[in-house]
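Open your viewer and get ready to select a few side chains. We will go from stop to stop, and at each one I will say what to pick and what is there.

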Amino acid sequence: MKRAVLAMVVALALPGAALAQSLADSPHDFRTGGNNPSDPGTGIYKFSPTLCAACHAPHNPSDAGNGAPLWNHAVTSATYTVYSSGSLDATPEGTASNMNPQSRLCLSCHDGTVNIDAFGGAAGANAIDTDGDLTTDLSNDHPVALDYTTAGSGLQASPTLPLTGGTDVDCATCHNVHDWTGGDATNKRFLRMTAASICQDCHDK
């Protein structure tokens, strides 16, 4: 019985350990003692007591309707200028004022309207730097909050990149927030696969 319990504990611990290993010393490592390569030396990216606390709290009962487990960071309420094009034929699942919850979590740091250290109920004092700030004007960025299944020709029938709910393109379709180098150790940027192949996973060009 003790062996069975121990095996279960180890099995449950391994995914978390793997996440910690790939997240540690990445630009999303906000630990006070962490080695964040984006930290400019002022310490604005080193504010969290643990590796996970900037985004997650183990006893937080609310996910704020965003689908993220035990969310701990302030969520943006910004309105966006979204991508628009005459050639875009996919159905938007999000709008300027109602961005998909999953992409809104990423934008809660990357739109520059919420401080990166606004977690655990604190307002924080440090905004993201200009290199990581997409701003609220997303008109020149790859569109998010789109229903992939409604798009016309020119797309792969079955992309391997994950679609939110099996249908939607969101930030997490191309990026794995927990793994800086997993998909592309050269270009990094939390990509799920190499920069040379990631476009062709969806686009048939």
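## Stop one: the aromatic cluster

Phe-30, Phe-47 and Phe-119 come together as one aromatic cluster. Select these three side chains first, and keep in mind that this is a predicted model.

The cluster contains 2 aromatic pairs, which is the count for the model. Begin with Phe-30 and Phe-47, whose rings are stacked, with 5.1 Å from centre to centre and 20° between the planes. Both residues lie in the loop between α1 (2-23) and β1 (91-92), so this pair ties together parts that are 17 residues apart in sequence. Is Phe-30 buried or exposed? At 8% relative accessibility, Phe-30 is buried. Phe-47 counts as buried too, at 17% relative accessibility.

Now keep Phe-47 and turn to Phe-119. Here the pair is tilted, with the centres 5.5 Å apart and an angle of 40° between the planes. This pair links distant parts of the chain: Phe-47 belongs to the loop between α1 and β1, while Phe-119 belongs to the loop between α2 (101-110) and β2 (146-147), 72 residues apart. With a relative accessibility of 15%, Phe-119 is buried.

## Stop two: a salt-bridge network

Next, select Asp-25, Asp-29 and Arg-31. The model has 2 salt bridges. How far apart are the closest N and O atoms of Asp-25 and Arg-31? They are 3.9 Å apart, and the two residues form a salt bridge. In the salt bridge between Asp-29 and Arg-31, the closest N and O atoms are 2.7 Å apart. Because the bridges share partners, Asp-25, Asp-29 and Arg-31 are joined into one network.

Try colouring these residues by accessibility. Asp-29 is buried, at 0% relative accessibility. Asp-25 is partly exposed, with a relative accessible area of 37%, and Arg-31 is also partly exposed, at 25%.

## Stop three: a buried aspartate

Move on to Asp-111, in the loop between α2 and β2. Asp-111 is buried yet makes no salt bridge. Which side chain of opposite charge is nearest to Asp-111, and how far away is it? It is Arg-104, at 6.0 Å. A salt bridge needs the nitrogen and the carboxyl oxygen within 4 Å.

Add Tyr-80 to the selection: its side chain makes a polar contact of 2.6 Å with the side chain of Asp-111. To see more of the surroundings, show the residues that Asp-111 touches beyond four places in sequence, among them Thr-76, Ala-78, Asp-133, Thr-135 and Thr-136.

## Stop four: helix α2 and what follows

Now select α2 itself. Which residues of α2 are buried? They are Ser-103, Arg-104, Leu-105, Leu-107, Ser-108 and Cys-109. Bring α3 (171-174) into view as well, as it is included in what covers these buried residues of α2.

Then step just past the end of α2 to Gly-112. The backbone of Gly-112 takes a positive phi there, of about 80°.

## Last stop: a charge over a ring

Finish with Lys-188 and Trp-180. The charged end of Lys-188 sits over the ring of Trp-180, at 4.3 Å from the ring centre. Turn the view until you look down on the ring, and you can see this arrangement of Lys-188 and Trp-180 for yourself.

Methods: Residues are numbered from 1 along each chain as its sequence is written. This is a predicted model: local features need pLDDT of at least 70, side-chain atom pairs count only at pLDDT 80 or more; totals for chains, interfaces and linings use all residues. Side-chain values use heavy atoms; hydrogens and water are left out. Rings of Phe, Tyr and Trp (its six-membered ring) pair if their centres lie within 6.5 Å; planes under 30 degrees apart count as stacked, over 60 as edge-to-face and the rest as tilted. Helices (H or I, at least four residues) and strands (E, at least two) are DSSP runs, numbered from the N terminus. Buried means under 20% relative accessible area, exposed over 50%, partly exposed in between (1.4 Å probe, protein chains only). A charge sits over a ring if NZ of Lys or CZ of Arg is within 6 Å of the ring centre and within 35 degrees of the ring normal. Lys and Arg count as positive and Asp and Glu as negative; His and the chain ends are not counted. A polar contact is a pair of N or O atoms within 3.5 Å; within protein, one must be able to donate a hydrogen and the other to accept it, and residues adjacent in sequence count only if both atoms are side-chain atoms. Contact means heavy atoms within 4.5 Å.
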